[in-house]
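Good morning, everyone, and thank you for making the time. Please take a moment to look at the structure on the screen before I start talking about it.

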Amino acid sequence: MSELRFDVKDFNPEHIFESGQCFRWTREADQSYTGIASGRIVNLRFEPKSPEGGVIILDNALSTDQAFWFNYFDLGTDYGQIKSRLSGQDKVVAKAIEAGAGMRILRQDPWETLVSFILSANNNIPRIKKCVEALALNFGREAGTYRGRTYHNLPTWEVLADLSEEDLACCRLGYRAKYLIATAKEIRARGIDTLEDCIHGLSGVGPKVANCILLFSLARLHRFPIDVWVRKVMHQLYGFDEKDTKGMTEFADRTFGPYAGVAQQYLFYYMRTMNQ
DNA sequence: TCGCAGGTGGTCG
DNA sequence: CGACCACCTGCG
């Protein structure tokens, strides 16, 4: 284990980790974040060097995982360019970008993302985190120990597919447990490779969850998930009727084009931070 | 007690 | 289609 460093621009851990796209990163007392992704336990701290950039320091990372983390944090994408493009297209988003200037869209593991967002339905972020952790602790393989804490992976679909709702009762997932089991069985039958094709048919995966998976794990940056917060933004700041999902989607496509999903992420974070 | 939380699935018209 | 509405659970 060693330390990995990345010089980056447009990076702010709080904007990235507190924007509801991931559920397994925890803020430490020193403002760093510890998390687990694809079985890798790591602590991230960020040292700003200039107004735009700084250095990411990953503790407990393997040197052979440099490519993994580069991809995970989408470091190959120029968010400065995306931001200036979006800002030029829309005043509201320009404001939201100021508030969340260090936002990035992660490239998470598709299965972990699928599980997390099935659990997100009609749920709140603290409890989604609890559900994910309970699932990992009770049914996932141990991934290792770091700074006195033991971490577990999420269970694979092979494991979940053979569990019953009763088995999962200890995780307090509520009615989402049966979605999870049904989806695990479906993935076992079809395989994860076809996820993008079959995603819409999966149990517990409606349009919102499907868009989240495509955006937060498969880098489909044009996907525009509409949750209660984005709905609130679209209503309050753009004047849409709260129920007009179709109108919001068409507006996002038309206005933000290939980066509608990135715009959504700034708007989501903006709305959440405004409402505190 | 009740509404709400990063919605989905089932049932109607 | 579109409009309802039930739904596990924990919190304020």
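I will go through one helix, then one lysine, and then the surroundings of the DNA strand.

Before anything else, please keep in mind that this is a predicted model.

Let me begin with helix H13, which runs over residues 245-256 and therefore has twelve residues, and which reaches 16 Å from its first C-alpha to its last, close to the 16 Å expected at 1.5 Å a residue. Which residues of H13 are buried? They are Gly 247, Met 248, Phe 251, Ala 252, Thr 255 and Phe 256. These residues lie on the same side of H13, because they cover an arc of only 135° around the axis. If you turn to the other side of the helix, you will find Lys 246 and Arg 254, which are exposed. As for what covers the buried residues of H13, the list includes helix H3 (79-89), helix H4 (91-99), helix H12 (228-236) and helix H14 (260-274). Just after H13 comes Gly 257, whose phi is positive, at about 50°.

One of those covering helices, H3, brings me to my second point, since Lys 83 lies in helix H3. Is Lys 83 buried or exposed? Its relative accessible area is 11%, and because buried means under 20%, Lys 83 counts as buried. Leaving aside residues up to four places away in sequence, Lys 83 touches Asp 10, Ile 97, Ala 101 and Tyr 266.

Now to the DNA. How many residues surround DNA strand B? There are 28, and the closest are Ser 19, Gly 20, Ile 125, Asp 227 and Gln 264. Of the atoms of DNA strand B that come within 4 Å of the protein, sugar and phosphate account for 58%. By class, the surface near DNA strand B is made up of 13 nonpolar, twelve polar and three charged residues, and helix H11 (207-216), H12 and H14 each supply at least two residues of that surface.

Let me end with three individual contacts. A polar backbone atom of Gly 204 is 2.7 Å from a phosphate oxygen of DNA strand B, and a polar side-chain atom of Arg 272 lies 3.0 Å from a phosphate oxygen of the strand. With Gln 264, the partner is a base nitrogen of DNA strand B, which is 2.5 Å from an N or O atom in the Gln 264 side chain.

How values were computed. Residues numbered from 1 in each chain as written. Chains lettered and ligands numbered in written order. Predicted model: local features only at pLDDT ≥ 70, side-chain atom pairs only at ≥ 80, totals over all residues. Heavy atoms only, no water. Helix = DSSP H or I, 4+ residues; strand = E, 2+ residues; numbered from the N terminus. Buried < 20%, exposed > 50% of the residue type's maximum accessible area, 1.4 Å probe, protein only. Arc of directions from axis to C-beta. Contact = heavy atoms within 4.5 Å. Near = heavy atom within 4 Å. Polar contact = N/O pair within 3.5 Å; in protein donor to acceptor, adjacent residues only side chain to side chain. Nonpolar A, V, L, I, M, F, W, Y, C, P; charged D, E, K, R; others polar.
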